[in-house]
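User: I would like to go through the aromatic and nonpolar contacts of this model and see how each label is earned.

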Amino acid sequence: MNITRNLLHEWYHGGARTSADVRHLAAERLGLQLTAEKVANILRDQIPLEQWYQTRIMQAIKAAYPDAFVRKISAGVYSEKGFPDILVIIDGRYYGIEAKRPFVGKPSPNQVATILKIRKAGGVADFACLPDEALEVIKNGTKRD
């Protein structure tokens, strides 16, 4: 059996977060003995780029909150480093979602600092790999009132 993106997402939903987790699950559930290098290659080949996750997160938010203002914040030479990828406003409340690739995406120190500043200012901000995580950020953020 091949280790596909869908299988990796299923394992991620089940709590797997590291390449060591993938290696363990491949052995336990598929009987595959994989080297760390092989797991790294699988993750590189099967986990789409961050843009793929950003698009799906935005689609999920728009479907769940049709009246929400949802925008992708473009990164570039003139943009502020660390700002969350996705800006969402629902009923006047700001939500910042920083999309990361499962297993391989790591927050930068600037991203962590910016998310903490947004929270301190009263906004809601967090990291999300999959659409359901982003929806949970919004759901939990609305409970803070």
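User: Which residues touch the most other members of the largest nonpolar core?

Analyst: This is a predicted model, where local features need pLDDT of at least 70, side-chain atom pairs count only at pLDDT 80 or more, and totals for chains, interfaces and linings use all residues. Residues are numbered from 1 along each chain as its sequence is written, and side-chain values use heavy atoms, leaving out hydrogens and water. Within the core of 18 residues, I3, L8, W11, V22, L43 and F103 touch the most other members. A nonpolar core is a set of buried Ala, Val, Leu, Ile, Met, Phe, Trp, Tyr and Cys residues joined through side-chain atoms within 4.5 Å.

User: Why does F103 count as buried?

Analyst: Buried means under 20% relative accessible area, exposed over 50%, and partly exposed in between (1.4 Å probe, protein chains only). F103 has 7% relative accessibility, so F103 is buried.

User: What makes W52 and Y53 an edge-to-face pair?

Analyst: Rings of Phe, Tyr and Trp (its six-membered ring) pair if their centres lie within 6.5 Å; planes under 30 degrees apart are stacked, over 60 edge-to-face, the rest tilted. The centres of W52 and Y53 are 4.9 Å apart and the planes are at 75°, so the pair is edge-to-face.

User: Why is W52 called partly exposed, and what is Y53?

Analyst: W52 has a relative accessible area of 23%, so W52 is partly exposed. Y53, at 1%, counts as buried.
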